[in-house]
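Let's take a walk through this one, loop by loop and then inwards. Keep the viewer open as you read.

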Amino acid sequence: MRKTIISLLLLISGGVGSVYADTLALQDNAPDRYVVVKGDTLWDISGKFLKKPWRWPEIWALNKQEIKNPHWIYPGDVIVLDRSGAEPRLRLLRDSKNTGRSSGVVKMGPRVRLEELVGDAAPSIPFNAIKPFLNRPLVVDEGGLTNAPRIAAGPDDRVYFSAGDRVYAVGLSGEAGSTWHVFRPGRPLIDPDDPERKRVLGVEVDYLGDAALDVPGDVSTLHIIANREEVAVGSRLIRAEEMPFMNYAPHAPQQLVQGRVAATYGGVAEAGPYTTIVINRGSNDGLDIGSVLEAFKKPRLIKKESKDEPDRFTPPEKTGNVFVYRVFPTVSYGLVLNSATPVNIGDEVKSPE
């Protein structure tokens, strides 16, 4: 069986296109080769070779445009660490059954390219961990739900509904067959950097389920497709969008970013690996899809033994990495990765060193 050796990567130190002066550090126990298996992510695979797995686009020599379209690898492919030269290289031995695979590039607009996950291709990060958030909001603009279409009644006097029930909505415009997400408003999301002024970044919303539009009108008829919680009269409707996720390669933000964790999915006190968090920074601050941030514990005031002591705080303690996968002007959604300790609301996030 003939295999084609495809060189994907530059020299590990000083590669063209690298924005870092320091050498990319290999893991102490980096293997000589690794066979890709189903379920691998590019982040996980890179972590077997690199101490900072998010830096794999650098040694793949991806430029700014290509970083939106990283090379795909598939189960059965072999990644080889070549130590024969002056500098180590990583190379890909393509499994013969994967030769000639299409990259699956789909034109979405004049300047947007979307890479579909083709078959068993390894994604950048675990797709299932972020799938629920790709076309459902976690945070909406203040007042965004107030003017949204609402469920006004059911076929009887009930006020709660579940899958299969018919409901009626007002303020809704759309075509029959369209899908709508059902939400109820939650609490205002206060910017942790500005607690005194009570700057509201948006409003957290609770996802209740999905509904399909059957008959449009001044009073529209829908039916509940599925629900995770009971849908009530007064629940708001937001039209379901196509999933916008692009399998971008991880990269450092183009400018220095410093922010904080503003919320965690589900309101949990501690966010562990593969938990979605909301960051109080967005595209206005230089974040884009694929940006990687490092998370640090919020400094804690050390208890004094006398009032004459100065205020002292615990030093920064890194808790993990955050992969940004959905970006709005003032907030972003990020997935917690490589977390050794939980990430909490108020913890700091910043561009990686």
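## Starting at a loop: Leu-301

Begin with Leu-301, which sits in the loop connecting strand 18 (292-296) to strand 19. What we have here is a predicted model, so read everything below in that light. Is Leu-301 buried or exposed? Its relative accessible area is 52%, and since the cut-off for exposed is over 50%, Leu-301 counts as exposed.

Now look across from Leu-301 to Thr-314. The two are 13 residues apart along the chain, and 6.7 Å separates their C-alpha atoms.

## The barrel behind the loop

Strands 18 and 19, the ones flanking that loop, both belong to a closed barrel of six strands. Going round, the order is 16-17-20-19-18-21, and the pairing is antiparallel. On average, neighbouring strands in this sheet are turned by 40° against each other, if you ignore direction.

How many bridges join strand 16 to strand 21? There are three, linking residues 258-264 of strand 16 with residues 348-350 of strand 21, and the two strands run antiparallel. For a concrete pair to click on, take Gln-258: its bridge partner in strand 21 is Lys-350.

## Two loop residues with positive phi

Two other loops of this region deserve a look for their backbone. Tyr-274 is in the loop between strand 16 and strand 17 (276-279). Its phi is near 70°, a positive value in a residue other than glycine. With a relative accessible area of 41%, Tyr-274 is partly exposed, as that value falls between the 20% and 50% limits.

Then there's Asn-338, in the loop between strand 20 and strand 21. Asn-338 isn't a glycine either, yet its phi is positive, at about 50°. Asn-338 has 45% relative accessibility, so it counts as partly exposed.

## The nonpolar core

In soluble globular proteins, nonpolar side chains tend to be buried together. Here, the largest nonpolar core has 22 residues, and Val-278 and Tyr-325 have the most contacts inside it. Which elements give two or more residues to this core? They are helix 3 (127-130), strand 16, strand 19 (318-327) and strand 20 (332-337). Strand 20 gives the most, with three residues.

Put that next to the barrel order and you'll see that strands 16, 19 and 20 turn up in both places: they are part of the barrel and they supply the core.

## The second largest pocket

Rolling a probe the size of a water molecule over the atoms shows where empty space is left. In this model, the second largest pocket holds about 320 Å³ of space. Of the 18 residues lining that pocket, the closest to its centre are Val-205, Asp-206, Tyr-207, Tyr-265 and Gly-266.

Who supplies the lining? Strand 11 (179-190) and strand 12 (200-215) each bring at least two residues, and strand 12 gives the most, with four. By type, the lining divides into seven nonpolar, four polar and seven charged residues.

## One more loop: Asn-147

Finish with Asn-147, located in the loop between strand 7 (139-140) and strand 8 (150-153). Asn-147 has 70% relative accessibility, so it counts as exposed. How far is its C-alpha atom from that of Gly-171? The separation is 8.3 Å, for two residues that are 24 apart along the chain.

Key: Residues are numbered from 1 along each chain as its sequence is written. This is a predicted model: local features need pLDDT of at least 70, side-chain atom pairs count only at pLDDT 80 or more; totals for chains, interfaces and linings use all residues. Side-chain values use heavy atoms; hydrogens and water are left out. Two strands pair if DSSP finds at least two bridges between them. Axes are lines fitted to C-alpha atoms, for helices over the stretch in contact, and angles run from 0 to 180 degrees between N-to-C directions. On a 1 Å grid over the protein atoms alone, a cavity is a set of points where a 1.4 Å probe fits but cannot get out, and a pocket is an open set with protein on both sides within 12 Å along at least five of seven lines; lining residues have an atom within 4 Å of a point. Grid points are joined across faces, edges and corners, and a volume is the space filled by probe spheres set on the points. Ala, Val, Leu, Ile, Met, Phe, Trp, Tyr, Cys and Pro count as nonpolar, Asp, Glu, Lys and Arg as charged, and the others, Gly among them, as polar. A nonpolar core is a set of buried Ala, Val, Leu, Ile, Met, Phe, Trp, Tyr and Cys residues joined through side-chain atoms within 4.5 Å. Buried means under 20% relative accessible area, exposed over 50%, partly exposed in between (1.4 Å probe, protein chains only).
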